[in-house]
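This report describes how metal ions are held in one protein model. Look at the sequence and structure first, then read on.

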Amino acid sequence: MGIVSGCQYGCCTAEVAALPDGGWKNTDKGWVIDDRRAEHLRREWAATSARIDRMQADYPKCKGCGQSALALDAAGLCSKVTESHRTYRARLGLSPVPAGRGGRR
Ligand SMILES: [Zn+2]
Ligand SMILES: [Zn+2]
């Protein structure tokens with residue numbers, strides 16, 4: 001490490017990192033961020049979205065469309081009922097439409 005930096009992303013000097021309210025100032029135009037903190041906010045946001053991406057990567061992926069879904073059905077598919085999803089389910093001998101999605105009778 002060696003380098004003394006003011007923040008965990010290494011973009012702020014100790015002085016900038018110590019700004020009150022993280023560099024936010026309440027002005028007559030509302031809250032504004034100190035210019036020297038703009039890069040920090042960008043990095044903070046990048047880190048947050050990377051974390052969200054990682055979380056979503058943990059979700060199982062639909063075998064039909066590859067989309068992450070909270071839950072997959074018996075065929076390993078998401079809850080979509082497009083042609084390709086129906087075909088996939090039918091090939092596995094399952095109902096083309098997941099249970100509870102039947103709707104019209
Ligand atoms: Zn920073
Ligand atoms: Zn799908």
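## Two zinc sites

In this predicted model, Cys62 (SG), Cys65 (SG), Cys78 (SG) and His85 (NE2) coordinate the zinc ion (ligand 2) at 2.0 to 2.3 Å. Donors are N, O and S atoms within 2.8 Å of the metal (3.2 Å for Na, K and Ca); water is not among the atoms, so sites may look incomplete. Cys62 and Cys78 are 16 residues apart, both in the loop between helix H2 (35–57) and helix H3 (83–91). Helices (H or I, at least four residues) are DSSP runs, numbered from the N terminus. Cys62 is buried, at 3% relative accessibility, and Cys78 is buried at 4%. Buried means under 20% relative accessible area, exposed over 50%, and partly exposed in between (1.4 Å probe, protein chains only).

The zinc ion (ligand 1) has the protein donors Cys7 (SG), Cys11 (SG), Cys12 (SG) and His40 (ND1), 2.0 to 2.3 Å from it. Cys11, in the segment before helix H1 (14–17), and His40, in helix H2, are 29 residues apart. Cys11 is partly exposed at 22% relative accessibility, whereas His40 is buried at 5%.

| Site | Donor spacing | Angles among donors | Geometry |
|---|---|---|---|
| zinc ion (ligand 2) | C-x2-C-x12-C-x6-H | 105 to 112 degrees | tetrahedral |
| zinc ion (ligand 1) | C-x3-C-C-x27-H | 103 to 120 degrees | tetrahedral |

Four donors count as tetrahedral if all angles lie between 85 and 135 degrees. The ideal angle for four tetrahedral donors is 109.5 degrees.

Residues are numbered from 1 along each chain as its sequence is written, and chains are lettered from A and ligands numbered from 1 in the order in which they are written. Local features need pLDDT of at least 70, side-chain atom pairs count only at pLDDT 80 or more, totals for chains, interfaces and linings use all residues, and side-chain values use heavy atoms, with hydrogens and water left out.

Terms used
Four donors count as tetrahedral if all angles lie between 85 and 135 degrees; four count as square planar and six as octahedral if opposite donors are over 155 degrees apart and all others between 65 and 115; anything else is irregular. Helices (H or I, at least four residues) and strands (E, at least two) are DSSP runs, numbered from the N terminus.
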